[in-house]
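Here is a short tour of a protein model, one region at a time. Keep the structure open while you read.

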Amino acid sequence: MGALELHTHLKTTVTTVARTWLVERRDGTVFGFTDHDQDLSFDGYSFRADTGLSAAVLSQSTGLSVDNTEALGALSDDSLSEKDILNGKFDGAGVQAWLVNWQDVSERKLVFRGSIGEIRRADGAFSAELRGLSDYLNQPKGRRYQKPCAALLGDGDCGVDLSDPAYRVETSLIAAEGGARLTVAALESYAQNWFVRGTVEILSGDAAGAIATIQYDGSSDGQRVLTLWEPIRGSLAVGDTIRLTTGCDKRFATCQEKFANVSRFRGFPDLPSESWLAAYPNGNEPREGGSRR
């Protein structure tokens with residue numbers, strides 16, 4: 001009903017419309033924004049006017065082509081902080097956008113629903129790509145013939161329970177250098193390199209919620225030293241609680257020896273290599289009908 005009334009309003013000679021956006025992160029945190037000069041509220045949500053957020057032209061089409069647009073805005077500590085963006089908290093966040101009559105917010109129309117894609121930052125501002133729902137239909141599906149496992153560690157295809165203490169542990173920081181080199185207790189129950197390709201999640205302190213991938217996992221002076229592929233954004237302090245989760249290199253041997261999960265291995269370890277496919281008969285090699293591997 002509100003969309004019909006808005007359509008009637010748009011036919012008048014003077015209109016009072018604004019745009020509003022609702023952003024819901026995967027952790028459940030919700031943000032509301034509007035390009036109007038005053039805050040707006042409806043459906044139990046508040047849309048702030050002091051964020052400097054605006055949107056480019058919304059491109060919509062029929063069929064399966066992707067609807068997309070961009071949201072532009074200034075980075076603000078109390079709404080969209082650079083630290084949260086760098087730590088990936090807005091990656092894949094859900095987005096809804098309305099065209100609304102700010103004099104009567106019951107007159108409104110949902111004009112976009114999708115998610116946040118690529119985010120670019122420069123000069124204290126950001127530009128976020130907004131991808132429509134049809135983007136999910138354009139993503140490749142199905143399995144590929146490849147030697148490495150195609151599953152993600154812990155997902156439905158893999159089936160490994162990452163909450164098992166054998167694969168996950170919580171500990172406290174002893175030291176942190178530049179956000180990319182973390183030192184914790186020895187963790188003698190876990191072999192060296194056990195957490196390589198795994199993740200570290202910050203559970204407390206200024207950088208709480210940040211997640212990074214582990215590049216190196218070793219020991220030094222009786223302590224465990226972890227090097228990250230990308231530094232944690234935010235201040236790390238001694239005593240901050242972190243969670244370490246093991247990783248997987250997707251090899252058949254790792255699936256068998258580390259996880260005892262070969263029945264759910266989603267790769268083809270015996271797939272011939274390209275050199276085998278290009279091989280030709282050689283008179284100097286025995287031809288007894290055995291394996292060429």
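## Starting with a pair of strands

Which residue in strand 16 does R168 stand opposite? The residue facing R168 is T245. Keep in mind as you look around that this is a predicted model.

R168 and T245 belong to a bigger arrangement: strand 10 (residues 168-172) and strand 16 (residues 241-245) run antiparallel and are joined by five bridges. T245 also has a partner in another strand, since T199 stands opposite T245 as well. That pairing is part of the link between strand 13 (residues 199-202) and strand 16, an antiparallel pair with four bridges. In other words, strand 16 pairs with strand 10 and also with strand 13.

## The whole chain

Now zoom out. The protein chain has four helices and 16 strands. It counts 293 residues, and 34% of them are buried.

What about contacts between residues that sit apart in the sequence? Take the contacts in the chain with a separation of 6 or more: 56% of them are between residues 24 or more positions apart.

## Following the strands onward

From strand 13 you can keep walking. Strand 13 is joined by three bridges to strand 14 (residues 211-220), and the two run antiparallel. To find this pairing on screen, look for E201, which stands opposite I211 in strand 14.

Next comes strand 15 (223-228). Six bridges connect strand 14 with strand 15, again in an antiparallel pair, and here S219 stands opposite R224. The two strands make a hairpin with two residues between them. One residue in that turn, D221, has a positive phi of about 55°, and D221 is a residue other than glycine. Is D221 buried or exposed? D221 counts as exposed, because its relative accessible area is 77%, over the 50% cut-off.

## Another positive phi

D43 is another spot to look at. Its phi is near 55°, again a positive value in a residue other than glycine. You'll find D43 in the loop between strand 3 (40-42) and strand 4 (45-47). With a relative accessible area of 53%, D43 is exposed.

## Two buried threonines

T171 sits in strand 10, the strand we met at the start. Why does T171 count as buried? The reason is its relative accessibility of 12%, which is under the 20% cut-off. Leaving out residues up to four places away in sequence, T171 touches V184, A185, L187, D240, T241, I242 and L244. One of these, A185, is 14 residues from T171 along the chain, and their C-alpha atoms are separated by 7.4 Å.

Over in strand 1 (residues 17-24) you'll find T20. T20 is buried too, with a relative accessible area of 0%. Setting aside neighbours within four places in sequence, T20 is in contact with F33, T34, L40, F42, F47, Q96, A97, W98 and V100.

## A tryptophan in a loop

Where is W229? W229 lies in the loop between strand 15 and strand 16. W229 is exposed, with a relative accessible area of 53%.

Being exposed doesn't leave W229 without contacts. Not counting residues up to four places away in sequence, W229 touches T213, I214 and Q215. The C-alpha atoms of W229 and A212 are separated by 7.3 Å, although the two are 17 residues apart along the chain.

## One side of a helix

Let's take a helix for a change. Helix 1 covers residues 2-10, and G2, L6 and H9 are buried in it. These three lie on the same side of helix 1, because they cover an arc of only 55° around the axis.

## Empty space inside

Rolling a probe the size of a water molecule over the atoms shows where empty space is left. How many cavities of 30 Å³ or more are there? The count comes to two.

The second largest cavity holds about 90 Å³ of space. It is lined by 13 residues, and those closest to its centre are C149, L153, C158, C248 and C255. The lining is made up of 10 nonpolar residues, one polar and two charged.

Terms used. Residues are numbered from 1 along each chain as its sequence is written. This is a predicted model: local features need pLDDT of at least 70, side-chain atom pairs count only at pLDDT 80 or more; totals for chains, interfaces and linings use all residues. Side-chain values use heavy atoms; hydrogens and water are left out. Buried means under 20% relative accessible area, exposed over 50%, partly exposed in between (1.4 Å probe, protein chains only). The arc is that of the directions from the helix axis to the C-beta atoms. Two strands pair if DSSP finds at least two bridges between them. On a 1 Å grid over the protein atoms alone, a cavity is a set of points where a 1.4 Å probe fits but cannot get out, and a pocket is an open set with protein on both sides within 12 Å along at least five of seven lines; lining residues have an atom within 4 Å of a point. Grid points are joined across faces, edges and corners, and a volume is the space filled by probe spheres set on the points. Ala, Val, Leu, Ile, Met, Phe, Trp, Tyr, Cys and Pro count as nonpolar, Asp, Glu, Lys and Arg as charged, and the others, Gly among them, as polar. Contact means heavy atoms within 4.5 Å.
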